[in-house]
Amino acid sequence: MSAGVPEGVPEFPPGFLWGAATSSHQVEGGADERGRSVWDAFAEEPGRIADGSTGAVACDHYHRSAEDTELLRRLGVSAYRFSMAWPRIVPEGRGRVSTAGLDFYDRLIDGLLEAGIEPVPTLYHWDLPLPLEERGGWLARRTADLFADYAQVAVDRFGDRVLRWITLNEPFIHMALGYAFGVHAPGKALMTGALPAGHHQLLAHARASAVLREAGRRVLLTDNLTPVEPLRDEDDGDRAAADAYDALHNRMFLDPILLGAYPDLGAYAAAGAGPLEEAVLPGDLDEIEGSVDALGVNYYNPTVVAAPGPDDGGLPFALPPYTDRHPGTPTTAFGWPVVPRGLYDLLTGLRRSYGDRLPPVFITENGCSRDDAPDDEGRVADAERCSYMDGHLRALADAVASGIDARGYFAWSLMDNFEWAEGYTQRFGLVHVDFDTGERTPKDSYAWYRAWIAGQNRDSPR
Ligand code: BGC
């Protein structure tokens, strides 16, 4: 695909943020220069990470942030979403603050601002300080207060230069993969016993939101959201399963914020959903309701849901491959279906569900993994990623045209990085990273996205 302005690029609203995203544990490295997190300990356990790797060095962004800021500047983005590592700023999770940690993010933020790029930090992208996990992690209510203390430290230091803050990244995925199924850190397989880890994250978000708003800052929560469909429309069991899955994946993290109540999780009672009721104390939902100024949406793919079978552990749903309902749908290297229209369906579905309570949205992640490698000339030809982004951006434009108040789009990811339990085997970057040397090579998709952004800024060249 050529790097010229893509054909018929739709226009987005003035001031729309064009960005790219990363997260601390996935790119920073510099592990000896911060406190330990749950991901350090988890990755060191044999068999946890597909290629036996860790995030100890990753992209070495901690030592190469100036080079990475230059990559962002050349890309032409107006915003960069990164995360601050709680264990880099507060190494034990509470108490002592690290000057070196604060200085690192100071340099990063100042470099971004000098390059004309808005810093959009996420306070927490899954790298919980290990000492807090040893005291119960997100199963412990106290973690919510410690998170608010950490938010206070961050906003005191950076609030003069950072307007928009994302509190948490994807509390559903963190709860489900980290505490229910045990495939992410901290590796707990508690099934519905994980539900309090969801509630305590929402409480942490709400308490941090109060801190950030007190400082006059704007607050987002980033959720992983997916449009859900039953495997067979005419099957009552599949339809009930789809509702139950939607309640857990999407609504458990949106309803409390937008409606002030949890959705009906009665379908989970047989699997023991009781712990959630015990975790929610009087007043919690009042704190949580209305605690965002905008919603961060991470969209990767829709989900097909079927009635559960005997092997589904008492859960009220099963997740068959998307292609069981939609044969022939292309998939990414991760095996995730590529369905750009799902982004339109998701956003318009949110408006149907929440009406005027739906705040402005930012797409805070969207992207695809490929098995990328430079060819003999050093070029990384990732045409599928270009067409993935093209399709999703056009679906987003359609959603905007239908009245959705979308204010930004962040490509996941600026560069290849530590893809959690997959280690370095799944590459999501616009920039290729050689993990032996740290060398960065912009892929074709980098040039494609630069042209797309330049096409948007036709009248105001930066
Ligand atoms: C996470 C990212 C991750 C991406 C691709 C999102 O769930 O926020 O950290 O790399 O998906 O798996």
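The shell around the ligand in this predicted model is a mixed bag: six of its residues are nonpolar, four are polar and three are charged. That makes for 13 residues around the ligand, and the ones that come nearest are Q26, H125, E170, E365 and E419. If you're looking at the structure now, those five are a good place to start.

Next, look at the polar side chains and what they do with the ligand's oxygen atoms. E365, already on the list of nearest residues, has a polar side-chain atom 2.8 Å from an oxygen atom of the ligand. N169 also puts a polar side-chain atom by a ligand oxygen, here at 2.9 Å. Then there's W412, where the distance from a polar side-chain atom to an oxygen atom of the ligand is 3.2 Å. And how much of the ligand's accessible area does the protein cover? On its own the ligand has 310 Å² of it, and the protein covers 95%.

So where does the ligand sit? Its home is the largest pocket, which holds about 1,100 Å³ of space. A total of 41 residues line that pocket, and I173, L177, Y245, N301 and W336 are the closest to its centre. As for their character, the lining of the largest pocket splits into 26 nonpolar residues, 10 polar ones and five charged ones.

It's worth tracing that lining back to the secondary structure. Three elements, α8 (171-180), α10 (236-258) and β8 (303-305), each give the largest pocket at least two lining residues. Of the elements, α8 has the largest share, with four residues.

Now move over to the second largest pocket, with a volume of about 430 Å³. This one is lined by 25 residues, and the closest to its centre are T226, P227, V228, D246 and D345. Which helix supplies the largest share of the lining here? That's α13, with nine residues. The helix spans 341-354, and along with β6 (228-230) and α10 it is one of the elements that each supply at least two residues to this lining.

You may have spotted a familiar name there: α10 supplies at least two lining residues to the largest pocket, and at least two to the second largest pocket as well. The make-up of the second lining is 11 nonpolar, seven polar and seven charged residues, to set beside the 26 nonpolar, 10 polar and five charged residues that line the largest pocket.

Conventions
Residues numbered from 1 in each chain as written. Predicted model: local features only at pLDDT ≥ 70, side-chain atom pairs only at ≥ 80, totals over all residues. Heavy atoms only, no water. Near = heavy atom within 4 Å. Polar contact = N/O pair within 3.5 Å; in protein donor to acceptor, adjacent residues only side chain to side chain. Areas by Shrake-Rupley, 256 points an atom, 1.4 Å probe, with all protein chains shown as cover. 1 Å grid on protein atoms, 1.4 Å probe; cavity = no way out; pocket = protein on both sides within 12 Å on 5 of 7 lines; lining within 4 Å. Sits in = over half its atoms within 2 Å of the grid points. Nonpolar A, V, L, I, M, F, W, Y, C, P; charged D, E, K, R; others polar. Points joined across faces, edges and corners; volume = space filled by probe spheres on them.
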